[in-house]
Amino acid sequence: MRELLELLVHDARRPVGELAAMLNRSEYEVEQQIRQLEQDKIILSYNTLINWEKTGTDTVTSIIEVNLTPQRETGFDAIAERIYRFDEVRTVYLMSGSFDLLVIIEGKSLQEVANFVATRLATIDGVTQTRSHFMLKAYKKDGIIMEDKEQDRRLVMTP
Amino acid sequence: MTVREKNEKIDWSKRISPVVHAVPPSGIRRFFDIAAEMEDVISLGVGEPDFVTPWSIRESCVYGLEQGYTSYTANRGMLELREEICALQKRNFNIDYEPKTDVLVTVGVSEALDIAMRTILTVGDEILIPEPCYVSYKACAALAGAKPVPVPAKIENNFSITPADLEAHVTDRTKALLIGYPNNPTGAILTREQLLDIAKFAIKHDLIVISDEIYGDLTYGGAKHTCFAGLPEMRDRTILLNGFSKAYAMTGWRIGYALSNPDIIAAMTKIHQYTMLCAPITAQIAAVEALRHGEKYMKKMVSEYDKRRRLIYDGLTNAGLKCFEPKGAFYIFPDITVTGLTSEEFAEQILLKEHVALVPGNAFGDCGEGYVRCSYATSVAKISEAIARIEHFVQQRK
């Protein structure tokens with residue numbers, strides 16, 4: 001199972017026939033296993049990593065440190081849910097250290113993101129403080145270098 | 001007549017040593033020029049990893065340069081590196097080597113191979129070389145003045161070699177045996193039992209064994225590499241050659257090493273010090289980092305090769321070519337006789353018609369005729385496309 005997941009995490013578009021050959025199993029077995037992994041919510045979704053900058057699409061990404069007052073019974077979870085349900089919120093992590101939640105927000109403009117933080121995020125009950133950092137440039141995301149200049153420099157035939 | 005015109009009339013080729021003259025150029029580069037000019041060529045002809053050297057190794061070299069490490073090192077190599085090399089042999093194979101006397105750091109295994117031959121062979125000596133094998137083996141023996149004696153390995157025996165095969169070629173002039181497993185070009189490995197038989201043969205005929213284990217880290221499907229020098233009584237009889245090119249994706253750094261008894265290493269060091277002086281210090285620094293922290297990167301690369309190996313074995317078999325399932329290195333050696341073509345015709349036609357570059361099997365010895373070498377050290381997408389093109393080519397000729 002781990003081998004299959006490792007192959008898919010690097011390239012979810014691999015044909016089943018190719019996966020089957022690489023894993024030394026039948027196509028049917030691989031298909032069944034993928035379906036099972038999806039049902040079990042081990043595979044949650046298949047995403048595409050896009051360098052939006054190259055398409056001329058402007059997006060603004062803000063990384064926000066959020067401090068909370070934990071609630072009796074639910075701790076941080078209920079407040080976290082109130083935050084992560086917003087479509088604007090891409091990522092939410094519970095953190096150790098000087099703040100509690102790391103929230104990543106994407107919007108079309110600085111104004112839109114700032115507005116969201118001020119009116120929706122900071123006003124949630126239990127949120128005591130927010131500190132926003134705007135992302136200037138993505139060098140590497142999910143293990144992929146955004147503009148990798150390294151190329152295959154090998155000769156076509158070597159011993 | 002001008003000096004230039006006079007010079008043009010002289011046949012300089014007659015001034016080349018007959019020993020060098022007799023050595024043929026490497027057959028691997030035969031189609032290089034055509035392939036190099038094609039734009040959409042997919043190359044399965046490359047004998048090196050498609051990975052770039054792991055960053056931590058590259059970074060350590062950059063740091064070393066910043067710190068001013070630009071000098072010569074000891075002839076035998078930096079002691080730090082020799083200690084790491086010996087520790088590796090102890091860790092992996094439980095062989096004891098003394099860093100001060102039993103190891104020599106060389107400019108790739110290629111140099112180690114050359115000086116090992118020059119150290120133990122002289123004019124008239126014979127060295128047994130199982131084929132198909134790496135292109136340098138026979139040439140280095142010939143350049144050392146000795147006679148290379150090829151011992152053909154057969155696909156029926158999974159390209160392995162037995163004492164009986166060797167016995168058929170041994171004479172009273174046989175001084176050494178050169179083995180290279182996991183094998184380039186077949187991907188064959190030898191089991192511990194098979195190697196034990198070869199060890200007995202070496203003792204019986206009192207031979208030195210040069211064991212090129214550059215692909216030792218690259219074995220698959222549960223097959224485990226046995227180090228020849230780790231077999232009983234073989235440590236001192238063996239010149240063990242290894243390096244960093246294949247396992248750590250460090251081909252261009254040119255760094256390898258030889259391990260043996262102190263006498264042989266001292267003699268090899270003599271040639272090394274007069275010809276090479278020392279391996280580049282930059283590469284030695286990088287090699288130390290590779291041995292200290294590189295194993296996890298190496299394991300990841302090996303696991304990636306394994307998946308590609310299964311893909312290409314499956315693909316070529318389905319394309320109608322009989323294949324021995326490789327157990328090590330990153331090559332597969334399909335039998336192409338079903339097409340009615342020779343190795344060279346196959347390699348040339350598939351390059352011209354399908355734009356797939358691979359190496360004709362006869363480049364690795366006469367018994368490689370009827371096969372071609374495909375390297376799977378290339379991306380999965382390229383392997384898949386190459387398989388489709390090979391299948392198209394083979395189906396038209398069946």
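Two strands are taken to pair if DSSP finds at least two bridges between them. The structure examined here is a predicted model, and this rule was applied to the strands of its chain B, beginning with an open sheet of three strands. The order in this sheet is 9-12-11, and the pairing is antiparallel. Strand 9 (331–332) and strand 11 (359–360) of chain B form the edges of the sheet; each has a single partner strand, so one side of each lacks a neighbour in the sheet. Strand 11 of chain B is joined to strand 12 (residues 372–375) of chain B by two bridges in the antiparallel sense. In one of the pairings between residues, V359(B) has R373(B) in strand 12 as its bridge partner.

A second group of strands involves strand 7 of chain B, which covers residues 238–243. Six of its six residues are buried, so strand 7 is largely enclosed by the rest of the structure. Buried here means under 20% relative accessible area. In a regular strand, side chains alternate between the two faces of the sheet. In strand 7 of chain B, T238(B), L240(B) and N242(B) point one way, while I239(B), L241(B) and G243(B) point the other way. Residues pointing in either direction are buried.

Strand 7 of chain B pairs with strand 6 (residues 208–212) of chain B in the parallel sense, over four bridges. It also pairs with strand 8 (residues 256–259) of chain B, over four bridges but in the antiparallel sense. L240(B) takes part in both pairings: this residue of strand 7 is the bridge partner of S211(B), and L240(B) also stands opposite L259(B) in strand 8.

These strands belong to a chain with 14 helices and twelve strands. For the 398 residues of chain B, a compact globule would have a radius of gyration near 21 Å; the value for chain B is 22 Å, which agrees. Along the principal axes, the C-alpha atoms of chain B fill a box of roughly 65 × 60 × 50 Å.

Over the whole of chain B, 56% of the 398 residues count as buried. Among contacts in chain B with a separation of 6 or more, 76% are between residues 24 or more positions apart. The exposed area of chain B is about 16900 Å², of which carbon and sulfur atoms supply 53%. Chain B has 44 positive and 50 negative charges, and the mean positions of the two sets lie 1 Å apart.

Note on methods: Residues are numbered from 1 along each chain as its sequence is written. Chains are lettered from A and ligands numbered from 1 in the order in which they are written. This is a predicted model: local features need pLDDT of at least 70, side-chain atom pairs count only at pLDDT 80 or more; totals for chains, interfaces and linings use all residues. Side-chain values use heavy atoms; hydrogens and water are left out. The radius of gyration is taken over C-alpha atoms; the globule rule is 2.2 Å times the number of residues to the power 0.38. Buried means under 20% relative accessible area, exposed over 50%, partly exposed in between (1.4 Å probe, protein chains only). Contact means heavy atoms within 4.5 Å. Accessible areas come from the Shrake-Rupley method with a 1.4 Å probe; for residues, only the protein chains shown count as cover. Lys and Arg count as positive and Asp and Glu as negative; His and the chain ends are not counted. The place of a charge is taken as NZ of Lys, CZ of Arg, CG of Asp or CD of Glu.
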